Each structure stands twice: as structure tokens, then as C-alpha cells.
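Reader: I'm new to this, so please pick one part and go slowly. Take me through the salt bridges and what sits around them.

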Amino acid sequence: VQFSCNITSIQKGTFASCRNLRQINIPSTVKNIGKGVFYECMALASIELPDGITEIGDSAFYFTGLTTINMPNSITDIGSHAFYYCKLTSIDIPKSVKSIKNSTFASCFNLSSVILHEGLTDIGGRAFNYCRELESLKIPNSVTSIGNNAFFGCSSITSITIPDSVTTIGERVFEYCSSLTSITIPDGVIKIGAEVFSGCRSLKE
């Protein structure tokens, strides 16, 4: 697909369930990718986002074949479920993004590398649940809240350090992180939800 017009937004569901779509060139004028635009585009393995894009809508790339995607520093908002059940292997979330929303990268079973930057304040519920290849993650010192089930079922994570900035850890955040051997919880944490480490059978300290 190629656009010949200078559009600024791709609206809700434009290419949803186009299961044979393999390539698309997004114009440099686009600032917004709407909700579910590429929903279930299972043949779409890569895409180049233009500099200047600011928003990726809810479920925009839900259940696509994406293995790689660039994230321009202009992006400020990534919607919930935006990359749910994709085939991504790595992701570098721009420092301009302040919040990772619910289930943004959930069930990305091949995701092994995640880079988060200072300025991020919130990791939403189920943000990375069932990212089974994720072995480690550095949480920035700017994060204050980790939502329910954020890392549920991340069975390859071996260790994680929670920064001093975190005050709230939700329910079941690390449940069934079966390879987790150690974790450090800072003094500033004032709330820890139920079943946070349930099923962490390798946890030693």
C-alpha cells in the first residue's frame, strides 16, 4: 500500500483483518495511527514509522506478524494492547513516552529485549505479561507505579531491581516468573498487592 496524499491521520480500523498485507509505506505527514488500524494483519512483519508521528492508538498492531518496528522519539502516546500478540523480538521505547498502558506488549512471546528510558512514570497492568523470552529489564528511576500482572508469566526473567522511585506494586505483578531468583524492593514502596510473587519457585532472595 502506498499513499499519494498528504494525510495526517490513519483512522480507526483502516486495514483491520487485511491478513495478506505485507508492506505499507506510511507518509511522513502522518502524526496519528488510530485504534486497530492494522488489527490482525498477520502477514505484516515490519513497518517504518515516520519521524514526527506522535500517537499509536489502542490495538493498532494487535495480532500482527511484526518482528521489528522503529520507534521515533516524537512518539508520546502508545495505546493499550497496541502490540498485543505480536512477534517482536526487541523494542526501544522512546524517552518521550511517559506511560506504558495496559497490555501494550502482552503475549509478545518472542520479546527478549526491552529498553525503557528515564522519564517513564508508569508501567500499566499486564504491560508485558507472558513475554516469555524476556530475561532481564532495567526499570528507570522515574517509575512510580507498576500495575497488576505487569510481568505475569515472564518465565525467563532471572532478576529485576525495582528503583527507589517506585511506591506501588500491583497484584500478581511477578506471578509465575518461574526463573526469578532474586529481587530488591526499595524502602519507598508503600503498597504491594496480593500474590505478587506467587509461583516464583526459583526465588531465593
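**A close look at the salt bridges**

Author: Let's start with the outside: the accessible surface of the chain comes to about 9500 Å², and 45% of that belongs to carbon and sulfur atoms. Areas like this come from the Shrake-Rupley method with a 1.4 Å probe, and for residues only the protein chains shown count as cover. One thing to know early on is that this is a predicted model, where local features need pLDDT of at least 70 and side-chain atom pairs count only at pLDDT 80 or more, while totals for chains, interfaces and linings use all residues. Residues are numbered from 1 along each chain as its sequence is written, and side-chain values use heavy atoms, leaving out hydrogens and water.

Now a bit of background. The chain has 0 helices and 16 strands; these are DSSP runs numbered from the N terminus, with helices being H or I over at least four residues and strands E over at least two. Buried residues make up 47% of the 205 residues, where buried means under 20% relative accessible area, exposed means over 50%, and partly exposed is in between (1.4 Å probe, protein chains only).

On to your salt bridges. The rule asks for a side-chain nitrogen of Lys or Arg within 4 Å of a carboxyl oxygen of Asp or Glu, and the count comes to 3.

Take Glu40 and Arg19, whose side chains meet at 2.9 Å, N to O. Glu40 is in the loop between β2 (32–33) and β3 (46–47) and Arg19 is in the loop between β1 (9–10) and β2, so this pair ties together parts that are 21 residues apart in sequence. Glu40 is buried at 15% relative accessible area, whereas Arg19 is partly exposed at 44%.

Next come Lys101 and Asp77, with 2.7 Å from N to O. This pair links distant parts of the chain, 24 residues apart: Lys101 sits in the loop between β8 (99–100) and β9 (113–115), and Asp77 in strand β6 (residues 77–78). Here Lys101 is partly exposed at 31%, and Asp77 is partly exposed too, at 23%.

That leaves Arg172 and Glu175, which meet at 2.4 Å, N to O. Arg172 is partly exposed at 30%, but Glu175 is buried at just 3%.

This last pair has a neighbour to look at: Glu195, from the segment after β16 (191–192). Glu195 touches both Arg172 and Glu175, not counting residues up to four places away in sequence; touching, or contact, means heavy atoms within 4.5 Å. Glu195 itself is partly exposed, with a relative accessible area of 47%. It also gives you a feel for folding back: Glu195 and Tyr176 are 19 residues apart in sequence and 9.9 Å apart in space, C-alpha to C-alpha.

For contrast, look at the nonpolar side. A nonpolar core is a set of buried Ala, Val, Leu, Ile, Met, Phe, Trp, Tyr and Cys residues joined through side-chain atoms within 4.5 Å. The largest one has 61 residues, and Phe38, Phe61, Phe83, Phe128, Phe151 and Phe174 touch the most other members. Phe38 has contacts that include Phe15, Leu21, Ile24 and Phe61, not counting residues up to four places away in sequence. In soluble globular proteins, nonpolar side chains tend to be buried together.
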